[in-house]
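Here are my notes on the model you sent over. Have the structure open while you go through the points.

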Amino acid sequence: MRAFIRHRFGGPEVLEQVDVEVPTPTADQVLVRVHATSVNPYDWHHLRGEPILARLVPGGLGLFRPRLTSAGCDLAGRVEAVGSAVTRFAPGDDVYALLEQGGFAEYACVSQDMLSPMPSNLSHEQAATVPMAAMTALLALRDDGRLQSGQEVIITGATGGVGSFAVQIAVAMGARVTAVCGSRNQALARKLGAARVLDYATTDCTRSGRHDLALDLAGRTTTRAWRRGLNPEGTLVIVGGPPGRWCQPMTHVIASVAAAPLGPERVVGTDIVGCSQKAELLTALTSLIEAGAVIPVIDRTYAFDELPDAIRYQEQGHARGKVAVKIHGEGEGSL
Ligand SMILES: NC(=O)c1ccc[n+]([C@@H]2O[C@H](COP(=O)([O-])OP(=O)(O)OC[C@H]3O[C@@H](n4cnc5c(N)ncnc54)[C@H](OP(=O)(O)O)[C@@H]3O)[C@@H](O)[C@H]2O)c1
């Protein structure tokens, strides 16, 4: 099978396309024929080994070279074979998952606990855009933000990968959403369900009324500034931060949460990687998607060979929704 792997830190050029054996599932694993994947900031952070500060975290990026050679955290595909202890899946099932790495390959072995049946109304290409971005959006709004119906929510980065899901999920949960995005994305934000749209280039989003919840995906605003835009009992959820080689976005998240005791608002950082409820998040998203409340927005779709270009495009930070990569066509034969 074809797979993209890496042996050193660097830009998308360090990804090598190689031919390797199709992996064999262990007893509780499922062999998935990967039809599609998608690109997230997680992928280029891991590829570059940046921020360099994060290399010091045990079990993280790796200190001098990548801890894992495989790459790619999102996957949607079809079950090809199952291990002897697998009870929840059978060959032919359409599935999707958030992996630590391994989605940038034609086949992947995934523990059955990490997999979910794919929403019946999505293509593999659409489904592959869901795991990392939409699970983060749901975790941040529902669990970290404790969002209640009828609340006022402001979301920065509202038309990016996480944001395009977050706006739809918040609306589905009964919130009134103010979306903050660039001028060319105003119409998309309204289509996603935002009641109010602010252009970050011309408007200070912390001086545009008070909100019960601020979901900060762009990470360009301090906790102190956010206090102007929050109700006294409000919540600030930090998801993203400014890009940086050495310390950001880690230092932005740490500084934002450290400032919490200085005011009455709750300030929480979201961490999808460390979250122990991943399977439940994906199941809840499947319900929202099948109910028609959430629809993936795909900016561009690349072919498997073009995967490094897909990462280059995503890394520019202005994709409208998600960047997808097709690996196997629906009609192509399997093993
Ligand atoms: N904590 C976690 O567990 C977790 C999980 C997933 C992602 N993240 C982080 O969340 C952030 C968003 O991820 P994503 O996948 O949505 O990324 P993305 O698709 O690249 O979206 C980035 C968004 O930021 C906006 N933006 C760019 N420059 C801006 C500026 N100067 N001021 C305000 N907004 C600006 C863009 O808006 P325009 O296109 O309109 O310019 C775009 O909507 C990233 O920092 C990512 O690392 C964190």
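1. Let's begin with the domain contact: 19 residues of domain 1 touch 18 residues of domain 2. This is a predicted model, by the way. The chain splits into domain 1, made of 2-130 + 296-326, and domain 2, which covers 132-269. Taken over C-alpha atoms, the centres of the two domains sit 27 Å apart.

2. Now the sheet. Six strands make up an open sheet in the order 10-9-8-11-12-13, and the pairing is parallel. At the edges you'll find strand 10 (196-199) and strand 13 (266-269), each with a partner on one side only. From one strand to the next the twist averages 15°.

3. Going through some of the pairings, strand 8 (residues 152-156) runs parallel to strand 9 (residues 176-181), with 5 bridges between them. Here Ile 155 faces Ala 179 of strand 9. Strand 8 is also parallel to strand 11, joined to it by 3 bridges, and in this pairing Ile 154 stands opposite Ala 214.

4. Strand 11 (residues 211-216) deserves a look of its own. Buried or exposed, how do the residues of strand 11 come out? The count is 6 of 6 buried, so strand 11 is largely enclosed by the rest of the structure. Strand 11 also pairs with strand 12 in the parallel sense, over 5 bridges; Leu 215 has Val 237 of strand 12 as its bridge partner.

5. Over towards the edge, helix 7 (residues 250-258) lies across strand 12 (230-238) and strand 13. The helix runs at about 155° to strand 13.

6. On to the core. The largest nonpolar core holds 94 residues, and Ile 155, Ala 166, Ala 170 and Leu 215 have the most contacts inside it. Helix 3 (residues 131-144) is the biggest contributor, giving 9 residues. Why does this core lie between domain 1 and domain 2? Both domains give residues to it, so that is where it lies.

7. Leu 215 is a handy place to zoom in. Setting aside neighbours within four places in sequence, Leu 215 is in contact with Ala 140, Leu 141, Gly 145, Val 153, Ile 155, Ala 166, Val 237 and Val 239. That list includes Ile 155 and Ala 166, both named among the residues with the most contacts inside the core. It also includes Val 237, the bridge partner of Leu 215 in strand 12.

8. Next, the helix pair. Helix 3 and helix 8 (residues 278-290) pack at about 95°, their axes being 10 Å apart, and they are therefore roughly perpendicular to each other. From helix 3 the contact uses Pro 131, Ala 134, Met 135, Leu 138 and Leu 139, while helix 8 supplies Lys 278, Leu 281, Leu 282, Ala 284 and Leu 285.

9. Last, Leu 139, a residue of helix 3. Leu 139 counts as buried because 21 other C-beta atoms lie within 10 Å, the cut-off being 20 or more. Which residues does Leu 139 touch, not counting those up to four places away in sequence? They are Asp 144, Thr 270, Ile 272, Cys 275 and Leu 281. Of these, Leu 281 belongs to the helix 8 side of the packing described above. The C-alpha atoms of Leu 139 and Ala 166 are separated by 9.7 Å, with the two positions 27 residues apart along the chain.

Notes: Residues are numbered from 1 along each chain as its sequence is written. This is a predicted model: local features need pLDDT of at least 70, side-chain atom pairs count only at pLDDT 80 or more; totals for chains, interfaces and linings use all residues. Two strands pair if DSSP finds at least two bridges between them. Helices (H or I, at least four residues) and strands (E, at least two) are DSSP runs, numbered from the N terminus. Axes are lines fitted to C-alpha atoms, for helices over the stretch in contact, and angles run from 0 to 180 degrees between N-to-C directions. Two residues are in contact if their C-beta atoms, placed from the backbone, lie within 7 Å. A residue is buried if 20 or more other C-beta atoms lie within 10 Å of its own, exposed if 12 or fewer, and partly exposed in between; C-beta atoms are placed from the backbone. A nonpolar core is a set of buried Ala, Val, Leu, Ile, Met, Phe, Trp, Tyr and Cys residues joined through C-beta atoms within 7 Å. Domain bounds come from an automatic or database domain assignment. Angles under 35 degrees count as roughly parallel, over 145 as roughly antiparallel, 65 to 115 as roughly perpendicular and the rest as oblique.
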